[in-house]
Amino acid sequence: MQKIGPIMILEGPNNSKVPYSRSLFIDCPDKVLIDSGADAKILLDINQEYGIELIINTHYHPDHTRHNHLFSGVKKCINPIEFETAKTVEGVARANGVYQEWGSAGVEKWKKSLPQEWTQNLGEISGTYEYETDYLFGDVKVQFLHTPGHTSGLSCPYFPDQGVVFVSDYDMTSFGPWYNGTDGDIDNFIASGKRLLALDADVYITGHQKGTFSRQEFTEKMEKFLHIIDRRDETIDKYVRQGMTFEELTNIGIFYPKKSLENSIFRTWERSGIRKHLQRLGISCSTSTGELLHAK
Ligand SMILES: [Zn+2]
């Protein structure tokens, strides 16, 4: 297990690939776990050895709240923007674009597909933390930076004394930036990414797969990562100029591999993500025919 000063990095299966994520444990008298997406056994072992007393979720996504339910007596907090969203399945369905794409019937169907633990993980969250405020856990200083874009409320925990930041879903994977919920925003994603680069930090811990980066590495990776947004713009623009309708465009696989679009939540996010790029490109979509038109 990697440890940077008091910050222990806990892995999920498959290098913390979705539907898992990396967790941090702050080895201090307050016994704080940040995100619960790491391997269940690793988390339970940490709990046995240290006794987790507080769980902090960077945002409400299921890969980051995955094992909240394993610690039923432990207080759990999330960022203030997403506290209400996380309270109800309807709120999460809206934020995921399920309502936008499929209406109430789609939400009912989606609800039935959710594992019981999933709602428990969110239901146990009972409090919030403040953004941009110094918290002291023992003598470890942490600030929860508000870094909207991936979701509207995502926070990145920053440890100024150690020069460490947990960049969560700025994961630098080849999939590229994810802002596909209705609470995601491309411009904010870019702005928050640039803010992370401007921090006084030497260690960037990603939430999935790639592990940790030095400042220089993270800067180089970020440029490529954000460039994927431009490539998506170019691809979508090209197909619209060829005369594709919205439905045709959503079957290509701009974000997700074409085959995975059979899965309805990926299809939902594909559609929702494409809508954001269309808006960005000034392309309107006819609600009746799905015809796509560039604004003159
Ligand atoms: Zn996420």
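This is a short walk through a predicted model, from its zinc site to its largest pocket and then to a few single residues.

Let us start with the metal. The zinc ion is held by four residues: His 59 through NE2, His 61 through ND1, His 150 through NE2 and Asp 169 through OD, at 2.1 to 2.2 Å. Written along the sequence, these donor residues follow the spacing H-x1-H-x88-H-x18-D. The pair His 150 and Asp 169 links distant parts of the chain, the two residues being 19 apart. To find them, look for His 150 in the loop between strand 9 (140–146) and strand 10 (155–159), and for Asp 169 in the loop between strand 11 (164–168) and helix 7 (186–197). Are His 150 and Asp 169 buried or exposed? Both of them are buried.

What about the geometry of the zinc site? The angles among the four donor atoms run from 82 to 171 degrees, and the site is irregular. Why is it not called tetrahedral? Four donors earn that name if all angles lie between 85 and 135 degrees, and the range here, 82 to 171 degrees, does not stay inside those limits.

Now turn to the empty space in the model. Rolling a probe the size of a water molecule over the atoms shows where such space is left. The largest pocket has a volume of about 1,100 Å³. Its lining is made up of 37 residues, and those lying nearest the centre are Val 18, Pro 19, Asp 63, Phe 266 and Trp 269. Sorted by class, the lining has 16 nonpolar, 14 polar and seven charged residues.

Which helices supply at least two residues each to this lining? Among them are helix 5 (98–113), helix 6 (116–123) and helix 10 (264–280). The lining also draws on two domains, with at least three residues from each of domain 1 (2–221) and domain 2 (228–294).

Two of the residues nearest the pocket centre, Val 18 and Pro 19, are worth a second look for their backbone. Most residues other than glycine have a negative phi, and most peptide bonds are trans. The peptide bond from Val 18 to Pro 19, however, is cis, with omega near 15 degrees. Pro 19 sits in the loop between helix 1 (13–16) and strand 3 (23–26).

Helix 1 also contains Ser 16, whose phi is positive, near 65 degrees, although the residue is not glycine. Ser 16 counts as buried because its relative accessibility is 0%. A positive phi turns up again at Gln 209, where the value is near 55 degrees. This residue belongs to the loop between strand 12 (203–206) and strand 13 (212–214). With a relative accessible area of 32%, Gln 209 is partly exposed.

Finally, here are two residues in strands. Gln 2 lies in strand 1 (residues 2–4) and, at 40% relative accessibility, counts as partly exposed. Its C-alpha atom is separated by 9.9 Å from that of Thr 212, although the two residues are 210 apart along the chain. Thr 128 is in strand 7 (residues 127–128) and is likewise partly exposed, at 40% relative accessibility. Thr 128 and Gly 73 are 55 residues apart in sequence, with 17 Å between their C-alpha atoms.

Notes. Residues numbered from 1 in each chain as written. Predicted model: local features only at pLDDT ≥ 70, side-chain atom pairs only at ≥ 80, totals over all residues. Heavy atoms only, no water. 1 Å grid on protein atoms, 1.4 Å probe; cavity = no way out; pocket = protein on both sides within 12 Å on 5 of 7 lines; lining within 4 Å. Points joined across faces, edges and corners; volume = space filled by probe spheres on them. Helix = DSSP H or I, 4+ residues; strand = E, 2+ residues; numbered from the N terminus. Nonpolar A, V, L, I, M, F, W, Y, C, P; charged D, E, K, R; others polar. Domains from an automatic or database assignment. Donors = N, O, S within 2.8 Å, 3.2 Å for Na, K, Ca; no water. Tetrahedral: all angles 85-135°; square planar, octahedral: opposite > 155°, others 65-115°. Buried < 20%, exposed > 50% of the residue type's maximum accessible area, 1.4 Å probe, protein only.
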